[in-house]
Amino acid sequence: MLQTLDLFPTKLFIKNVQLDNQKMIEELYRLRVSENKPTPPNSNPWQSDRHIDTNESFYDLVSSLKLMVWQIFNSNCKILEMWGSIYEKGQYNNVHNHPPLNASYHDNPLWVGAYYLKTSNNSGGFNIHSPVNCSNRETFFPKEGDFYIFNSTTYHSVHPNDEDTNRFEEEYI
């Protein structure tokens with residue numbers, strides 16, 4: 001079931017989709033090991049390169065995202081960037097957004113979001129912040145398989161992962 005929430009003047013679309021998350025998690029681990037770049041504790045998570053949508057382990061995710069976009073907007077979807085994140089214990093993302101950086105998009109808003117591969121009770125909430133006052137926010141606790149889609153200019157953040165197990169996400173623009 002697709003939910004549409006009107007938060008502040010912001011639309012948020014949420015849908016749960018069951019995919020082979022374990023296959024994608026294993027591929028994210030493989031990519032992280034092959035890159036061999038350290039992630040400092042208590043900071044942003046490790047993130048893959050920005051074109052993970054071309055990796056066959058993520059093709060089902062890409063297809064599901066395109067179908068969801070079609071259901072919401074009745075139009076095709078072009079993925080500009082897609083990356084994976086591994087949040088270890090204590091890692092989080094501060095308040096940020098993904099504004100269009102190319103002037104050709106100024107009349108064609110971009111949509112962004114996340115797909116949750118693995119979560120647990122204390123692996124951190126996801127906040128959508130008011131565009132008027134960022135201290136006003138709505139917090140969600142995503143479940144495995146949840147897709148979130150919202151406008152790219154929307155400020156959002158992720159609470160620290162308080163679990164000993166990793167949280168896995170795929171983000172896209």
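Which residues are exposed on the other side of α1? I began my notebook with this helix, keeping in mind that the model is predicted.

**Entry 1: helix α1**

I looked up the buried residues of α1 and found Asn21, Met24, Ile25, Glu27, Leu28 and Leu31. They cover an arc of only 160 degrees around the axis, which puts them on the same side of α1. I then turned to the other side of α1, where Val33 and Ser34 are exposed, and that settles my opening question. For a reader new to helices I add the general reason, which is that an α-helix has 3.6 residues a turn, so residues three or four places apart point the same way.

I checked the length of α1 as well: its 15 residues should span 21 Å at 1.5 Å a residue, and the C-alpha atoms at its ends are 21 Å apart, which agrees. When I asked what the buried residues of α1 pack against, I listed β3 (46–47), α2, β4 (82–87), β6 (111–118) and β11 (167–172). Following the chain past α1, I came to Asn36, whose phi is positive, near 50 degrees.

**Entry 2: helix α2**

I gave α2 the same treatment, and noted that it has 15 residues and reaches 21 Å from its first C-alpha to its last, close to the 21 Å expected at 1.5 Å a residue. The buried residues in α2 are Leu61, Val62, Ser64, Leu65, Met68, Val69 and Ile72. They cover an arc of only 165 degrees around the axis, which puts them on the same side of α2. Among the elements that cover these buried residues I wrote down β2 (10–16), α1, β4, β6, β9 (146–151) and β11.

Just after α2 I stopped at Asn74, which takes a positive phi of about 55 degrees although Asn74 is not a glycine. Asn74 is placed in the loop between α2 and β4, and I counted it as exposed because its relative accessibility is 56%, where exposed means over 50%.

**Entry 3: the cavity**

Next I searched for enclosed space, and the count came to one cavity of 30 Å³ or more, with a volume of about 30 Å³ for the largest cavity. Its lining is made by Leu19, Asp20, Lys23, Met24, Ser57, Phe58, Asp60 and Leu61. The elements that give two or more residues to this lining are α1 (21–35) and α2 (59–73). Sorting the lining by class, I found four nonpolar, one polar and three charged residues.

**Entry 4: Glu169 and Thr54**

Is Glu169 buried or exposed? Glu169 sits in strand β11, and I recorded it as buried because its relative accessible area is 2%, where buried means under 20%. Leaving aside its neighbours within four places in sequence, I found Glu169 in contact with Leu28, Trp83, Gly84, Ser85, Tyr87, Ala114, Tyr115, Tyr116, Leu117 and Val158. I also compared Glu169 with Ile25, and although they are 144 residues apart along the chain, their C-alpha atoms are separated by 9.0 Å.

My last look was at Thr54, which lies in the loop between β3 and α2 and is exposed, with a relative accessible area of 57%. Thr54 and Met82 are 28 residues apart in sequence, and I noted a distance of 9.0 Å between their C-alpha atoms.

Note on methods:
Residues numbered from 1 in each chain as written. Predicted model: local features only at pLDDT ≥ 70, side-chain atom pairs only at ≥ 80, totals over all residues. Heavy atoms only, no water. 1 Å grid on protein atoms, 1.4 Å probe; cavity = no way out; pocket = protein on both sides within 12 Å on 5 of 7 lines; lining within 4 Å. Points joined across faces, edges and corners; volume = space filled by probe spheres on them. Helix = DSSP H or I, 4+ residues; strand = E, 2+ residues; numbered from the N terminus. Nonpolar A, V, L, I, M, F, W, Y, C, P; charged D, E, K, R; others polar. Expected span 1.5 Å × (residues − 1). Buried < 20%, exposed > 50% of the residue type's maximum accessible area, 1.4 Å probe, protein only. Arc of directions from axis to C-beta. Contact = heavy atoms within 4.5 Å.
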